[in-house]
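This briefing covers a ligand shell, some annotated positions and one helix. Please have the sequence and the model open while reading.

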Amino acid sequence: MSTTYGSFPGARPRRLRTTPAMRRMVAETRLHPAELILPAFVREDVTEPVPLESMPGVVQHTRDTLRKAAAEAVAAGVGGIMLFGVPEESKKDAVGTPGTDPDGILQQAIRDVRAEVGDDLVIMSDLCLDEHTDHGHCGVLDAEGRVDNDATLERYAEMARVQADAGVHTVGPSGMMDGQVRVIREALDGAGHQDISILAYTAKYSSAFYGPFREAVGSSLKGDRKTYQQDPANARESLRELELDLAEGADMVMVKPALPYLDILRQIADAVDVPVAAYQISGEYAMVEAAAANGWIDRDRAIMETLTSVRRAGAGMILTYWATEVARRLNRGE
Ligand code: PBG
């Protein structure tokens with residue numbers, strides 16, 4: 001195709017890269033604060049926020065500092081917040097009772113944040129048992145110690161009701177149990193919560209990159225989640241999960257982790273007509289922070305590059321621990 005004049009190239013893509021203004025003008029992908037969602041941890045019975053060693057810059061909030069973080073997110077124009085509760089160790093049990101206790105830490109956090117920001121932020125909650133069980137699995141176990149899908153669904157239905165009663169806008173089922181979206185939709189509708197939406201963790205892979213999260217929620221998990229989370233080797237089952245989640249009533253769908261699964265994100269984004277989110281998870285955060293702390297990469301550029309790549313691959317919304325920081329940078333026009 002390219003015309004040549006003597007030995008010189010006729011087509012020069014570099015012309016469109018000459019100045020910052022030119023590059024900005026032709027950029028195909030832009031980030032906006034409203035599409036960022038801040039995941040946040042709130043821990044029961046602490047009076048000071050607890051820093052997370054494996055996620056420098058992220059803390060387990062107290063109820064007070066969580067409210068403050070939510071207010072700051074609103075001020076920065078962040079779109080939503082995804083809440084994770086960390087109950088007191090002694091309250092965890094085999095069925096994850098704190099997850100369905102109306103006064104459990106997550107429900108308190110939802111009420112706190114709703115009181116603080118009202119409808120100015122989309123308040124979302126993790127709908128899963130692993131933060132609340134003493135064995136650390138996302139569901140309840142049967143007599144042989146396997147995660148019991150259908151018994152777990154009953155617990156999820158109850159969780160959906162208490163989270164909705166507490167004032168959440170959107171629930172985020174992340175446990176990868178079969179049929180969870182349908183059961184949660186029915187539970188919400190049956191309790192008069194027709195307007196509460198579901199952000200389904202549709203393609204959720206069994207990933208080593210969840211490592212730091214387990215510290216963040218004080219997880220006591222031994223073993224792994226390979227019987228319910230997806231095998232990193234598989235792409236097509238994500239489309240099957242997608243089909244099921246949509247049929248069961250998912251309002252929005254999510255791919256998780258983000259960066260190692262951009263191909264999945266692209267396939268899902270091309271296949272659906274509902275909003276698609278991606279979760280830039282704890283290990284993705286930790287990798288960048290650790291390399292930057294060693295002076296091995298440029299932290300700010302790396303953060304923007306990963307988010308831009310996730311956006312480019314088809315995510316309309318991104319859950320990221322850098323949400324507020326990045327929103328502020330975007331507001332400054334950086
Ligand atoms: C399950 C849940 C997990 C994350 C979000 N929801 C952990 C897991 O599935 O093991 C991980 C988030 C992160 O790593 O940042 N409740």
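The notes below go from the basis of the model to the ligand, the annotated residues and a helix.

This is a predicted model, in which local features need pLDDT of at least 70 and side-chain atom pairs count only at pLDDT 80 or more, while totals for chains, interfaces and linings use all residues. Residues are numbered from 1 along each chain as its sequence is written.

**Ligand shell**

- Asp 126, Cys 128, Asp 130, Cys 138, Ser 174, Tyr 210, Phe 213, Arg 225, Ile 281 and Ser 282 surround the ligand; a residue is counted here if its C-beta atom, placed from the backbone, lies within 6 Å of the molecule.
- Five residues of this shell are nonpolar, two polar and three charged. The nonpolar class is Ala, Val, Leu, Ile, Met, Phe, Trp, Tyr, Cys and Pro, the charged class is Asp, Glu, Lys and Arg, and the others, Gly among them, are polar.

**Annotated binding-site residues**

- An unreviewed UniProt entry lists Arg 214 and Arg 225 under "binding site", and Glu 241 also carries that feature. Such annotations may be inferred rather than shown by experiment; feature names are shortened and positions follow the numbering used here.
- Arg 214 lies in helix 6 (residues 211–216), where helices are DSSP runs of H or I with at least four residues, strands are runs of E with at least two, and both are numbered from the N terminus.
- Arg 214 has 15 C-beta neighbours inside 10 Å and so counts as partly exposed. The cut-offs within 10 Å are 20 or more other C-beta atoms for buried, 12 or fewer for exposed, and partly exposed in between, with C-beta atoms placed from the backbone.
- Arg 225 sits in the loop between helix 6 and helix 7 (236–248) and counts as buried because it has 21 such neighbours.
- Leaving aside residues up to four places away in sequence, Arg 225 is in contact with Cys 138 and Ser 206, contact being C-beta atoms, placed from the backbone, within 7 Å.
- Glu 241 belongs to helix 7; with 22 C-beta neighbours inside 10 Å, it is buried. Beyond four places in sequence, Glu 241 touches Thr 202 and Ala 203.

**Helix 10**

- The buried residues of helix 10 are Ile 303, Thr 306, Leu 307, Val 310 and Arg 311.
- Viewed down the helix axis, these buried residues fall within an arc of 135°, so they line one face of helix 10; the arc is taken from the directions from the axis to the C-beta atoms.
- They pack against strand 11 (276–279), helix 9 (282–293), strand 12 (317–319) and helix 11 (323–331).
- Gly 314, just after helix 10, has a positive phi of about 125°.

Definitions and conventions: Contact = placed C-beta atoms within 7 Å.
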